[in-house]
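Colleague: I'm new to this one, so could you walk me through it piece by piece? Please spell out the terms as we go.

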Amino acid sequence: MCGIVGYIGNSQAKDVVIKGLKRLEYRGYDSAGIALINGSLSIKKCKGKVSALEKLLSDSEKGSIAIGHTRWATHGEPNDVNSHPHVSSSGKIAVVHNGIIENYNALKLKLQEEGYKFYSETDTEIVAKLIESFIDKNPSIEFVKAVKLALAQINGTYGLAILNSDNPETIFVARKGSPLLIGVGEGEMLIASDASAVAEYTDKVVYLDDGELAIIKKDEYQVINADDVELTKEVHELAMSLEEIEKSGFPFFMLKEIFEQPKTISDSLRGRINVEDGSITLGGITSVMDKLVNAKRIIIAACGTSWHSALVGEYLIEWLAKTPVEVEYASEFRYKDPLIGEGDVLFVISQSGETADTLAALREAKEKGATVLGIVNVVGSTIARETDAGVYLHAGPEIGVASTKAFTGQVTVLALIALSLAQHKGAIDKKSSKKIISALSKIPSQVEEILKQSDQIKEISNLFTYAPNFLYLGRSYSFPVALEGALKLKEISYIHAEGYPAAEMKHGPIALIDDMMPVVVIASTKHTNDKMVSNVEEVKARKGRIIAITSPSNEEVRDLAEFSCMIPETEDVLSPLLSVIPLQLLSYYVAVNRGCDVDQPRNLAKSVTVE
Ligand code: G6P
């Protein structure tokens, strides 16, 4: 979703900002813009890619201070006028904004009555004009005071960066519900909505919290809270290498991230399992283990791919630790007035740690007294900071919009949590526990083996590139994998795809099956093998084109299928970590064949920061 970058220092600000905006392209956007101060304020913005914006900039646009934006349209269609920055009537104030200003209509009407003219359909334009209205009423007012007065009237969410040509050495930023950080350099400062935009310049970052306003100059910054108290903020060290946020020879980030999984799963396991004695160490949740052990039920809330890993988590925790689990769409959780309170535990799962609905679910549960735990990838993200405790994935930055390595990281962490809880509850014996830990330790090399079959999966994808529909079927642990496989295909190739529990197919989707319908069957769990064979027979009887993901113990399914991909044998509970890999590759190759922009699929955003 929308991205913000800003720079003040001795380098050419526009170059740093454009580069930063390119780093944020993965978040999903439809237009881009930049504001620079060089004597006066200069604005360039347009619909389309950052490269189109770059072409609008001439050599004369020099200066040491600039803010930039990538917009993902919420209010008003994507076009040049609605792109950010938005400016005040005097042309002296420029604003870029992430989030949604809910009372913008009322504020706009009031400002229009006062004579201010509006040109865009956005909610953001009111911010520039509202600040200006306070200056017009009191020309001697300090600029920051006018900003504060404006913020006090705004309802909704924002990450804001503001330039004022009367204060040409300062960037003003404010945060409420939309992430912002300051990159602290030597003789230069950056601001961004996402650390990947600053990682090239500094490894020191200050995360702003809700209600905070920062005044940033090239050598210093000041952060004040809503009560006007100056704060001493912790400076965090950013553990993000440039290599992690570059394609490193791969044509797309998604492919790079699929191939990174042997390493990212190893990183999720590192220091947390001991194959010799079967123990698990999860330092992040040690302090809340008693609460987990005593919980009568666990609720998991998440969105998108993270919701699918939550479904795998439900099977894992119920099967291993024998604690009942409920999985909720984070976006629905709040609106059912959830029956949750003290004694309950809510896990939220989020790659980005910034998804607005997941954050809202967390806050709702926290307010009602529940213990709130996070399974998050991005270190220092809002969800990571607001949860009582949690476990990081350590998967490194995920740039491709379609989530891949985060899914396997989440399932790995959920397996560890389920096992650790089972051990603490005495729900699992030592031998079984050791067996699963040993199987977990083999997963990275088994993923490596599956990746070696990528050419074969590419050939299968060539045959189905133009199929209008796909059906994905799975049972038990493979059902969430079926959902995830279908989601991957939809997201990046725009082919309609549905994931179904294999037997449920008979209650509807079976009507769609004919000799044109590819049916991807995930048959990699031993305990549902026989039943899967029957379901595959049903598909075959209707001439469906069967692509099977099977393991050696499911030979019958392989024999029935037209195409198959063999994954190594593992414990049933861990099978999603392997069976999802061919599905990621299948969707990737289909999308590439169709000429789709795999990393930046239309209309989608990597991090959905609006509800
Ligand atoms: C967006 C992304 C998905 C992601 C979902 C949840 O829809 O495109 O890939 O699974 O948000 O994001 P989160 O960061 O909370 O896991």
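Modeller: Let me start with strand β22 (residues 389–392), whose side chains alternate: Ala389 and Val391 point to one face and are buried, while Gly390 and Tyr392 point to the other face and are not buried. Buried here means under 20% relative accessible area, exposed means over 50%, and partly exposed is in between, with a 1.4 Å probe and protein chains only. Strands are DSSP runs of E with at least two residues, helices are runs of H or I with at least four residues, and both are numbered from the N terminus.

Colleague: Before we go on, what kind of model is this?

Modeller: This is a predicted model, in which local features need pLDDT of at least 70 and side-chain atom pairs count only at pLDDT 80 or more, while totals for chains, interfaces and linings use all residues. Residues are numbered from 1 along each chain as its sequence is written, and side-chain values use heavy atoms, with hydrogens and water left out.

Colleague: Back to β22, then: how many bridges join β21 to it?

Modeller: Strand β21 (residues 371–376) is joined to β22 by 4 bridges, and the two run parallel. Leu373 has Ala389 in β22 as its bridge partner. Two strands pair if DSSP finds at least two bridges between them.

Colleague: What is the order of the open sheet of 8 strands?

Modeller: The order is β3-β2-β4-β1-β10-β9-β11-β15, and the pairing is antiparallel. At the edges stand β3 (40–47) and β15 (236–237), each with a single partner strand, so one side of each is left without a neighbour in the sheet. Strand β2 (residues 31–38) is joined to β3 by 8 antiparallel bridges, and Asn38 has Ser40 in β3 as its bridge partner.

Colleague: And which strands does helix α1 touch on that sheet?

Modeller: Helix α1 (residues 13–23) packs on the sheet and touches β1 (3–8), β2, β4 (65–71) and β10 (189–192), with its direction making about 20 degrees with that of β4. Contact means heavy atoms within 4.5 Å. Axes are lines fitted to C-alpha atoms, for helices over the stretch in contact, and angles run from 0 to 180 degrees between N-to-C directions.

Colleague: What about the open sheet of 7 strands, which order does that one have?

Modeller: That sheet has the order β5-β6-β7-β8-β12-β13-β14, with antiparallel pairing. Its edge strands are β5 (86–87) and β14 (230–231), each of which pairs on one side only. Helix α4 packs on this sheet, touching β5, β6 (93–98) and β7 (158–164), and its direction makes about 140 degrees with that of β6.

Colleague: Anything unusual in the loops beside those edge strands?

Modeller: In the loop between β4 and β5 lies Pro85, and the peptide bond from His84 to Pro85 is cis, with omega near 5 degrees. The loop between β13 and β14 holds Asp228, which has a positive phi of about 70 degrees although it is not a glycine. Asp228 counts as partly exposed, at 46% relative accessibility.

Colleague: You mentioned α4; at what angle do α3 and α4 pack?

Modeller: Helix α3 (residues 104–113) and helix α4 (residues 125–137) pack at an angle of about 45 degrees, with their axes 10 Å apart. The two are therefore oblique to each other; angles under 35 degrees count as roughly parallel, over 145 as roughly antiparallel, 65 to 115 as roughly perpendicular and the rest as oblique. In this contact Tyr104, Leu107, Lys108 and Leu111 of α3 meet Ile126, Lys129, Leu130 and Ser133 of α4.

Colleague: And how do α7 and α14 cross?

Modeller: The axes of helix α7 (residues 261–269) and helix α14 (residues 430–451) come within 8 Å and cross at roughly 170 degrees, and α7 and α14 are therefore roughly antiparallel to each other. Among the residues making the contact are Ile265 and Leu269 of α7, together with Leu440 and Val447 of α14.

Colleague: Last one: is Ser587 buried or exposed?

Modeller: Ser587 is buried, with a relative accessible area of 0%. Ser587 is found in helix α19 (residues 576–593), and, not counting residues up to four places away in sequence, Ser587 touches Met254, Lys488, Leu489 and Ile492.
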